[in-house]
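Biologist: I've got a model open on my screen and I'd like to learn how to read it. Could you walk me through it, one feature at a time?

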Amino acid sequence: MAAARPGDILLFRLNLEKWLAYTRPWALLIAWFQGNPVTHTALVVDPDNGVLVEAWYPRVRKSILENVLEGCYDWEVVRPTGVTEEQQTAAVEHALSLVGRGYDVKSLWSLAKWLLLEKVFGPFVRHRIDVKEKGNEYFCQELVTLCYLKAGYSIPDKLDIQDPSAVVPKDLMNRRVFILIESSMCLVGE
Ligand SMILES: [Ca+2]
């Protein structure tokens, strides 16, 4: 991650061709629910050494980029517009303080239920999403969104989404809010 800085956001995009060589049914399920191949997100901690913090079942953990990929994902690094380095440092510090906390399976299923309803009834359903804060447990984009909120930067406000828990990984691809810094698929700027 040569161009990334600590606190930038990693998006993992399911690569169907690579996926078929492995078995990752949940990733395919998340991709289908969202109608989008970005199924996982994490915070960059140390770009030089590929270190990140992610909520990955069964808990929040520090990982190395190569280990997350597991051959099934392409990745890109994005940076929210207007964020300061101080805010990103604070987001990373908060993420590191949450390492070891549990993975929030219940909230993820609750979100999946609302995404399914959104698929059937349309986008207005998003405003009714109700993912309750469950005892210090987090799923991937909940962790990223919360760490930014703690650092004084509101991703939901930037996206005009009322409930922080209603942010899904595909929202972090919104180029109006998130600048593409780096990608495993191409050299940015080429
Ligand atoms: Ca939670």
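**Reading the model, piece by piece**

Modeller: Happy to. Keep in mind that this is a predicted model. Let's begin with a ruler check on a helix: at 1.5 Å a residue, the 17 residues of helix 5 (residues 105–121) should span 24 Å, and the end C-alpha atoms are 24 Å apart, which agrees.

Biologist: Which residues of helix 5 are buried?

Modeller: Burial here is about counting neighbours: a residue is buried if 20 or more other C-beta atoms lie within 10 Å of its own. In helix 5 that gives L108, L111, W114, L115 and E118. Look down the axis of helix 5 and these buried residues fall within an arc of 125°, so they line one face of the helix. On the other side of helix 5 you'll find W109, V120 and F121 exposed. Just past the end of helix 5, G122 has a positive phi of about 105°.

Biologist: Let's zoom out. How many helices and strands does the protein chain have?

Modeller: Seven helices and six strands. Along the sequence they come in the pattern β-α-α-β-β-β-α-β-α-α-α-α-β. Another thing to look at is how far along the chain the contacts reach: among contacts between residues at least 6 apart in sequence, 76% join residues at least 24 apart. As for burial, 40% of the 190 residues count as buried.

Biologist: In what order do the strands sit in the sheet?

Modeller: Read across the sheet rather than along the chain. The six strands form an open sheet in the order 4-3-2-1-5-6, with antiparallel pairing. Strand 4 (59–64) and strand 6 (178–183) are at the edges with a single partner strand each, so one side of each has no neighbour in the sheet. From one strand to the next, the twist averages 35°.

Biologist: And how do I read the pairing of one strand with another?

Modeller: Count the bridges, then pick out facing residues. Strand 1 pairs with strand 2 over five bridges, in the antiparallel sense, and R13 has V38 in strand 2 as its bridge partner. Strand 1 also pairs with strand 5 over six bridges, again antiparallel; there, L14 stands opposite Y73 in strand 5. Strand 2 (residues 38–46) and strand 3 (residues 51–56) run antiparallel and are joined by three bridges. V44 faces L52 in strand 3.

Biologist: Are the residues of strand 1 buried or exposed?

Modeller: For a strand, check both faces. Six of the six residues of strand 1 are buried. I9, L11 and R13 point one way, L10, F12 and L14 point the other way, and all are buried.

Biologist: What lies across strand 2 and strand 3?

Modeller: Helix 4 (residues 85–97) does, running at about 105° to strand 2. Helix 6 (residues 140–150) packs on the sheet too, touching strand 1 (9–14), strand 2, strand 3 and strand 4, and its direction makes about 45° with that of strand 2.

Biologist: Can we give helix 4 the treatment you gave the earlier helix?

Modeller: Sure. Helix 4 has 13 residues and reaches 18 Å from first C-alpha to last, close to the 18 Å expected at 1.5 Å a residue. Q88, A91, V92 and A95 are its buried residues. Down the axis of helix 4, they fall within an arc of 95°, so they line one face of the helix. Their cover includes strand 2, strand 3 and helix 6.

Biologist: How enclosed is helix 6?

Modeller: Nine of its eleven residues are buried, so helix 6 is largely enclosed by the rest of the structure. The buried ones include E142, L143, C147 and Y148. After helix 6 comes G152, with a positive phi near 90°.

Biologist: Last one: which residues touch the most other members of the largest nonpolar core?

Modeller: The general idea is that in soluble globular proteins, nonpolar side chains tend to be buried together. In this model the largest such core has 46 residues, and L10, L11, L43, V44, L52, L143 and C147 touch the most other members. Elements giving two or more residues to this core include strand 1, strand 5 (73–80) and helix 5. Helix 6 gives the largest share, six residues. Try clicking on L10: among the residues it touches are T41, V44, L52 and W75.

Terms used
Residues are numbered from 1 along each chain as its sequence is written. This is a predicted model: local features need pLDDT of at least 70, side-chain atom pairs count only at pLDDT 80 or more; totals for chains, interfaces and linings use all residues. Helices (H or I, at least four residues) and strands (E, at least two) are DSSP runs, numbered from the N terminus. The expected span of a helix is 1.5 Å times one less than its number of residues. A residue is buried if 20 or more other C-beta atoms lie within 10 Å of its own, exposed if 12 or fewer, and partly exposed in between; C-beta atoms are placed from the backbone. The arc is that of the directions from the helix axis to the C-beta atoms. Two residues are in contact if their C-beta atoms, placed from the backbone, lie within 7 Å. Two strands pair if DSSP finds at least two bridges between them. Axes are lines fitted to C-alpha atoms, for helices over the stretch in contact, and angles run from 0 to 180 degrees between N-to-C directions. A nonpolar core is a set of buried Ala, Val, Leu, Ile, Met, Phe, Trp, Tyr and Cys residues joined through C-beta atoms within 7 Å. Lists of a residue's contacts leave out its neighbours within four places in sequence.
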